[in-house]
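Trainee: Could you take me through the contact surfaces of chain A in this one? I'd like a close look at what sits on each side.

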Number of protein chains: 2
Amino acid sequence: MSWIKVFAPATIANIGPGFDILGMAIKGAGDIIKARKTDSGVVITQIESTGDIPSDPNKNTAGIAAQEVLKIIGESGGLELRIKKGLPIGSGLGSSAVSAAAGAFAANYLYGKKLSKEKLIIPATLAESKVSAFHADNTASTLLGGVVLVRSVSPLDVVQLGTIDDLTLIVVTPNIVVLTKTAREVLPQKVDFSAFVQNLGNASAVTASFITNDYNLFARSLSDIIVEPVRAPLIQGFQQVKEAALSSGADGVGISGSGPTLFAITNRSENTAAQIEKAMVNGFKEAGIAASSFITTVDEEGVRILE
Amino acid sequence: MSWIKVFAPATIANIGPGFDILGMAIKGAGDIIKARKTDSGVVITQIESTGDIPSDPNKNTAGIAAQEVLKIIGESGGLELRIKKGLPIGSGLGSSAVSAAAGAFAANYLYGKKLSKEKLIIPATLAESKVSAFHADNTASTLLGGVVLVRSVSPLDVVQLGTIDDLTLIVVTPNIVVLTKTAREVLPQKVDFSAFVQNLGNASAVTASFITNDYNLFARSLSDIIVEPVRAPLIQGFQQVKEAALSSGADGVGISGSGPTLFAITNRSENTAAQIEKAMVNGFKEAGIAASSFITTVDEEGVRILE
């Protein structure tokens with residue numbers, strides 16, 4: 001049986017004000033899964049990763065998602081998976097969702113491509129929910145590519161928005177562990193009504209900006225006064241890194257997913273992006289924290305076969 | 001000095017989940033203001049209305065807005081206004097904002113058209129805020145036409161969305177008084193986090209639907225679990241009228257602005273719209289309340305000169 005090689009891009013979920021409803025696939029980081037058919041069962045025979053990932057296919061999101069897909073299409077055959085994590089675990093770049101998407105895609109691809117990418121969102125989201133909450137902003141964006149709006153998870157209702165051509169993202173991951181569980185626990189049970197209205201306006205405007213390819217609108221809307229204030233304290237150095245980014249020319253800064261990765265935006269030159277990146281990494285350094293970083297753009301393709 | 005005749009269309013603010021951020025201008029109802037230049041000061045010399053409206057130009061929103069515009073453009077001349085209210089006061093169709101928009105437009109038109117419609121939003125919103133809160137969803141939509149997203153009021157940031165071609169609106173106004181003040185007082189101070197996320201998804205999807213001309217997406221998103229539940233009790237018969245509309249073929253029902261007007265939506269035949277209208281009016285009748293109604297569509301033009 002021959003191998004296929006699947007790539008699923010990293011994601012920036014929430015995109016500022018759009019908690020659990022907006023997600024974006026980005027270039028330059030992602031997971032690669034090699035997969036081949038077997039007679040039965042799903043096994044994970046190799047994992048390359050800087051962090052600890054379970055190889056038990058009932059605990060690994062790629063394994064769970066692959067099994068879910070085989071169940072949906074009524075396939076009794078199996079799969080062997082080899083996983084190469086291309087993004088740090090617990091970084092807020094959608095690691096578990098990205099693996100789930102790659103696993104789901106591999107299973108579907110090898111067994112007749114019976115499901116569309118849209119139909120893979122539910123099995124991938126189910127798999128991700130085993131290690132996080134049931135939200136589809138990461139899974140839908142890594143599967144479909146571009147920017148997605150998850151109007152509802154139950155029933156699942158996902159709208160593909162589009163992209164902003166002149167958007168450059170500066171992605172900085174400090175060497176801090178923020179467990180998704182912890183990041184969920186700090187969420188408020190109640191939200192001030194006026195803050196609710198403000199995030200409503202900003203999330204709707206971010207949505208509009210990616211349909212109409214409007215960088216300036218996105219930059220004006222990249223503000224979250226509900227979730228960022230409670231999650232920022234989990235990220236040492238957050239305030240100074242944010243300020244460093246803004247004073248180096250970034251038009252906005254947000255927490256990627258549940259953090260600790262931060263992203264900043266610009267539509268200016270590569271030089272500006274490089275300055276912002278340097279300022280952010282330095283900001284973390286001054287807070288005593290090492291950080292890795294890259295400069296990237298929206299991945300419009302989503303999960304795919306690598307030749 | 002010769003008269004001009006200005007028309008400003010009625011509005012449906014909030015449009016379901018988009019509290020204070022979404023507004024829509026609709027055809028078939030609105031205010032007409034006749035205006036002419038005078039040497040100084042703003043006076044209102046005639047009001048045709050089914051309800052009580054102050055003729056004091058410092059209390060009437062048209063008068064206030066006209067004065068605000070004259071102030072902005074540095075004009076010492078005055079205006080005489082004759083107001084013909086074409087929509088009921090306190091109905092939730094934006095009455096005070098519509099008058100304000102017409103007054104602002106008239107003043108600007110007669111004195112050199114120095115301001116764009118966008119620039120009239122602030123004086124009109126200031127005027128409306130004297131009788132309501134400071135929110136621009138009604139004023140921006142009656143001025144600009146179509147559907148607008150008010151991302152922020154301070155600073156003012158309004159995005160024109162677009163329209164949905166096959167959207168028919170059934171607008172039903174029961175003979176109940178709901179004061180905007182009362183409708184604001186029942187708003188919760190805090191919102192459940194999960195409800196916040198749900199309205200966030202729906203408001204973003206309504207926004208997307210009017211940019212992409214997608215009736216089905218709009219119909220799926222027309223749900224408000226935050227404001228509707230607290231305002232519905234102010235509208236006798238609300239539940240049975242809503243159910244009557246849905247069981248007659250409507251794809252969604254919402255409260256227009258702060259109510260008591262309700263709107264239902266369909267993209268089917270005139271017959272269906274007429275059935276929905278009849279069912280809603282009957283629903284109110286069964287609750288012992290008379291109601292007026294009309295069937296309409298989005299007004300894409302906004303405030304304008306009538307020849």
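**Contact surfaces of chain A**

Mentor: Sure. Start with how the chain is divided: in this predicted model, the domain assignment splits chain A into domain 1, covering 4–162 + 299–305, and domain 2, covering 168–296. Between the C-alpha centres of these two domains of chain A there are 24 Å. Where they touch, domain 1 of chain A puts in 27 residues and domain 2 of chain A puts in 33 residues.

Look at the domain 1 side of that contact. The strands β1 (4–13), β2 (22–38) and β5 (147–153) of chain A each bring at least two residues to it. β2(A) has the largest share, with five residues. As for chemistry, this side of domain 1 is made up of 15 nonpolar, 11 polar and one charged residue.

Now turn to the other chain. Here 34 residues of chain A meet 34 residues of chain B. On the chain A side, the elements giving two or more residues are β5, β6 (156–160), β8 (190–192), α6 (193–212) and α7 (215–221). So you'll find β5(A) listed for the side facing domain 2 and also for the side facing chain B. Helix α6(A) gives the most to the chain B contact, 14 residues. The chain A side counts 18 nonpolar, 10 polar and six charged residues.

Finally, zoom in on β8(A). This strand runs antiparallel to β8 of chain B (residues 190–192), and three bridges join the two. Within that pairing, Lys190(A) stands opposite Asp192(B).

How values were computed:
Residues are numbered from 1 along each chain as its sequence is written. Chains are lettered from A and ligands numbered from 1 in the order in which they are written. This is a predicted model: local features need pLDDT of at least 70, side-chain atom pairs count only at pLDDT 80 or more; totals for chains, interfaces and linings use all residues. Domain bounds come from an automatic or database domain assignment. Two residues are in contact if their C-beta atoms, placed from the backbone, lie within 7 Å. Helices (H or I, at least four residues) and strands (E, at least two) are DSSP runs, numbered from the N terminus. Ala, Val, Leu, Ile, Met, Phe, Trp, Tyr, Cys and Pro count as nonpolar, Asp, Glu, Lys and Arg as charged, and the others, Gly among them, as polar. Two strands pair if DSSP finds at least two bridges between them.
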